[in-house]
Amino acid sequence: MDKVIVCPVCGEGLFKEDRTFGCANGHRFDLAREGYLNLLRSSKKGDTVGDDPAACRARRELLNKGYYSPLRDFLCNKLSGRSGRLLDICCGEGYYTSAFAGVEGLEVYGFDISKEMVRLAAKRGKGRYFVANLAHVPVASGSFDLATHLFAPFNAAEFARVLKSGGELFTVFPGARHLFGLKAVLYDRPYENDERLPSAEGFELVGTERVKAETVIEGNGDISALFRMTPYYFRTPPENKKRLEGVESLPTELEFVIATYKKI
Ligand SMILES: [Zn+2]
């Protein structure tokens with residue numbers, strides 16, 4: 001029996017039988033050809049949740065060019081020397097997750113709500129990947145030593161549930177000047193991001209660190225893919241979105257704040 005992953009319907013442990021995982025109550029989940037497990041309960045099965053396949057691939061291609069490698073390398077460095085089971089919440093197409101899985105001593109589990117993102121993540125070949133609802137991650141309580149959480153909604157109660165006592169949570173959110181170059185094109189009066197930390201009941205804040213870089217995003221395809229990755233994509237009026245058309249080179253700052261929490 002898998003002691004980490006539980007049935008998303010009834011919470012019982014899952015047993016592996018060939019290409020299927022099932023619980024004692026008869027709920028069954030198929031292992032996909034790429035090796036990920038779809039644990040979504042809804043009839044949609046993740047096909048229509050999240051970005052469309054073309055947007056997922058564009059994101060993968062953008063990340064593969066290394067614009068965000070300073071953040072990836074910082075996190076891998078932070079994780080090296082630690083050991084045990086790591087949960088990457090909202091793993092996307094696995095750019096960071098697969099790098100974490102390359103750190104010696106870590107057993108890495110990536111979860112995302114988007115089936116297409118998880119499919120691409122599983123193809124990267126490192127770590128174990130799952131499609132699931134992240135409001136209640138289908139894993140046993142207290143089964144993880146470490147958790148990473150990048151640019152996703154913060155759910156203190158759920159993160160505390162999945163971690164062991166004393167377990168560490170690394171959460172990444174955009175720093176004040178992150179993507180300021182992009183905002184300078186989109187908006188007449190670009191504003192800096194608010195760096196307020198989330199309320200993290202059940203955790204003790206160990207400290208915060210910062211990663212800054214300056215980069216130039218080349219090509220309108222990559223600039224569009226970057227824009228789609230941001231919350232601005234959903235907030236920007238159509239007439240402002242048009243300002244990115246024909247932009248082939250975008251200098252911008254990147255800035256990330258990494259907060260380390262310990263579960264009390
Ligand atoms: Zn079940």
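Which residues of H4 are buried? They are Lys 115, Glu 116, Met 117, Val 118, Arg 119, Leu 120, Ala 121 and Ala 122. The model is predicted. This briefing covers helix H4, its packing with helix H1, and Phe 227.

**Helix H4 and its surroundings**
- H4 spans residues 115-123.
- The helix is mostly covered, with 8 of its 9 residues buried.
- Those buried residues pack against two helices and three strands: H1, helix H3 (95-101), strand E5 (37-38), strand E7 (106-112) and strand E8 (128-131).
- Gly 125 comes just after H4 and has a positive phi of about 90°.

**H1 against H4**
- Helix H1 covers residues 53-64 and packs on H4 at an angle of about 40°, the two axes lying 9 Å apart.
- H1 is therefore oblique to H4.
- The crossing of H1 past H4 is right-handed.
- H1 contributes Pro 53, Cys 56 and Arg 60 to the contact, while H4 contributes Glu 116, Met 117 and Leu 120.
- By type, the contact residues are 4 nonpolar and 2 charged, with no polar ones.
- Glu 116, Met 117 and Leu 120 of H4 also appear among the buried residues of that helix.

**Phe 227**
- Phe 227 sits in helix H7, residues 220-229.
- Phe 227 counts as buried because 20 C-beta neighbours lie inside 10 Å.
- Leaving out residues up to four places away in sequence, Phe 227 touches Leu 182, Tyr 232, Tyr 233 and Leu 244.
- Leu 244 is 17 residues from Phe 227 in sequence, and their C-alpha atoms are 9.1 Å apart.

Key:
Residues are numbered from 1 along each chain as its sequence is written. This is a predicted model: local features need pLDDT of at least 70, side-chain atom pairs count only at pLDDT 80 or more; totals for chains, interfaces and linings use all residues. Axes are lines fitted to C-alpha atoms, for helices over the stretch in contact, and angles run from 0 to 180 degrees between N-to-C directions. Helices (H or I, at least four residues) and strands (E, at least two) are DSSP runs, numbered from the N terminus. Angles under 35 degrees count as roughly parallel, over 145 as roughly antiparallel, 65 to 115 as roughly perpendicular and the rest as oblique. A crossing is left-handed if the near helix is turned anticlockwise from the far one by less than a right angle, and right-handed if clockwise. Two residues are in contact if their C-beta atoms, placed from the backbone, lie within 7 Å. Ala, Val, Leu, Ile, Met, Phe, Trp, Tyr, Cys and Pro count as nonpolar, Asp, Glu, Lys and Arg as charged, and the others, Gly among them, as polar. A residue is buried if 20 or more other C-beta atoms lie within 10 Å of its own, exposed if 12 or fewer, and partly exposed in between; C-beta atoms are placed from the backbone.
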